[in-house]
Amino acid sequence: MGLNFSLLIVAALILAVFLGVEALGLSFLFGVIIPYLAIATFIIGFILKVVKWAKAPVPFRITTTSGQQKSLPWIKDNKIDNPATTSWTMVRMALEVLFFRSLFKNTKAELVDGKKLTYQWEKWLWLAGLVFHWSFLIVVVRHFRLFLEPVPAFVTLIGKIDGFFMVDLQNVYITGVLLLAAVTFLFIRRVLIPQVRYISLAADYFPLFVIMGIATTGILMKYFYRVDVVSIKELTVGLFSFNPVIPEGVSVLFYIHLFLVCTLISYIPFSKLMHMGGIFLSPTRNMPNNSRAERHINPWNYPVKVHTYAEYEDEFRDKMRAAGLPLDRESSEAEAAATKE
Amino acid sequence: MMFNSRNIIIGLIIFVGIFTFPFVLSAGKANEAPKLSLDTPVINELGTEECLLDTEYMRSNHMQLLADWKVEVVRNGNRVFVNDEGREFNMSLQNTCLECHSNKEEFCDACHTYAEVDPNCWDCHVAPEVVK
Ligand code: HEM
């Protein structure tokens with residue numbers, strides 16, 4: 001259901017750009033207006049979402065971390081998995097964001113011979129996820145050769161390394177191919193593993209199809225149905241410098257690519273793709289485990305009226321003494337102070 | 001009310017900085033596509049200023065044409081290219097393309113710098129000498 005629905009939506013989006021640009025000549029809408037709206041939706045939506053999240057209090061240190069907590073000096077603590085200070089927590093967060101450390105520990109439960117439950121280390125999801133995210137990042141960074149004039153040196157350098165291999169006299173960007181391969185693997189995994197398929201919804205398939213669409217149109221543009229890159233750069237530089245232009249001769253394939261990118265970024269604030277910001281707000285990752293060293297007070301505590309044992313004894317001392325009950329103090333503190341003087 | 005507002009605000013400022021820096025870097029800059037010069041002795045002699053194939057096609061597909069030429073020459077030993085109008089050309093990067101486009105720097109390179117591509121052809125093929 002979710003799968004077909006998402007596929008249908010992405011196909012409809014592609015058809016909409018195709019007809020809009022080819023039949024109705026709406027290149028200004030798809031080339032300028034929609035990109036501006038999309039980027040505004042992305043940035044404002046993202047901020048509002050994070051502010052909304054920040055309104056939820058997180059009262060406790062959530063200490064479900066693997067690794068020994070810092071306690072007594074002769075017990076060796078695991079500083080990365082169970083950090084007690086902010087700086088080690090930043091190390092843990094950086095490793096999580098850059099290398100998906102939690103996902104690395106992923107296991108798979110299986111019944112062997114129909115009765116024995118076994119757990120296995122499952123690394124393919126981690127590997128494909130890592131390849132996917134890193135390729136995506138590098139592809140986006142490389143794209144700045146088409147966004148900025150002059151091109152920053154590090155973009156050129158990344159492009160040179162990434163395009164090291166030449167096929168048919170042309171540099172082939174490895175990350176572009178890896179991106180499409182990894183996202184395809186992630187999709188196939190979702191469909192083939194019954195348990196994963198069972199919990200997959202349209203919200204899981206849709207971003208996969210959009211990203212597949214972006215990567216496919218990009219690869220088509222670069223290696224198969226070539227486009228006029230110089231005119232496209234005029235268009236994008238125009239967007240970024242707020243002097244939008246629609247040059248002649250920009251292929252509809254580019255408008256499809258661009259519209260899918262706009263769809264993706266404007267979809268981020270409303271979807272699971274917000275994990276891009278959410279990872280930094282994960283309580284199990286971003287809180288130092290210092291509950292033993294510091295007292296954390298629940299922010300929504302209201303003042304509770306308490307009656308301590310000392311006060312209780314003060315109140316009933318005479319009756320308790322009369323009944324022969326043991327007393328902590330023979331007289332109340334105020335009386336003791338008075339007798340001293 | 002926000003909790004940890006200091007960290008949240010620092011994070012959001014970084015986020016906005018990363019995603020708006022292309023706008024900040026380009027703000028107010030003129031948007032100029034490279035100016036291509038066709039002012040070469042051979043092109044000036046031509047009756048009609050035409051490339052081998054349609055100009056639109058050449059803009060997007062010249063690298064494919066060159067790749068096809070190389071295969072034809074090096075693998076198949078065929079050095080004659082016949083264009084749409086039936087005219088024959090020698091399939092050669094330096095002797096055909098760069099005979100007309102002898103101003104490599106104001107033509108090929110102008111575009112390639114703008115689009116940030118750096119074909120390595122000139123490591124082996126001879127580029128026409130720049131007339132000083
Ligand atoms: C999330 C963002 C994007 C992704 C994942 C993406 C992906 C890709 C991929 C995989 C390619 C194939 C070639 C390569 O590997 O470099 C490509 C090419 C291309 N993309 Fe994108 N793209 C994105 C955003 C954009 C945007 C915003 C634009 C323009 C406004 C754009 C314009 C192009 C163009 C013109 C090509 C052909 C490149 C060339 O000939 O060098 N892309 N894209």
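Trainee: Which residues are linked with A:D81 in a network of salt bridges?
Mentor: Happy to help! This is a predicted model, where local features need pLDDT of at least 70, side-chain atom pairs count only at pLDDT 80 or more, and totals for chains, interfaces and linings use all residues. Residues are numbered from 1 along each chain as written, chains are lettered from A, and side-chain values use heavy atoms, without hydrogens and water. A salt bridge puts a side-chain nitrogen of Lys or Arg within 4 Å of a carboxyl oxygen of Asp or Glu, and the network links A:D81 with A:R101 and A:K105.

Trainee: How far apart are the closest N and O atoms of A:R101 and A:D81?
Mentor: A:R101 is partly exposed at 26% relative accessible area, while A:D81 is buried at 10% (buried is under 20%, exposed over 50%, partly exposed in between, with a 1.4 Å probe and protein chains only). The two residues form a salt bridge, and their closest N and O atoms are apart by 2.9 Å.

Trainee: Are A:R142 and A:D162 buried or exposed?
Mentor: Good one! These two residues form a salt bridge, with closest N and O atoms 2.6 Å apart. A:R142 lies in helix 5 and A:D162 in helix 6, so the pair ties together parts 20 residues apart in sequence (a helix is a DSSP run of H or I, at least four residues, numbered from the N terminus). Both residues are buried.

Trainee: Which residue forms a salt bridge with A:K233?
Mentor: A:K233 is buried, with a relative accessible area of 0%. Its partner counts as partly exposed at 33% relative accessibility. With closest N and O atoms 3.0 Å apart, that partner is A:E149.

Key: Helices (H or I, at least four residues) and strands (E, at least two) are DSSP runs, numbered from the N terminus.
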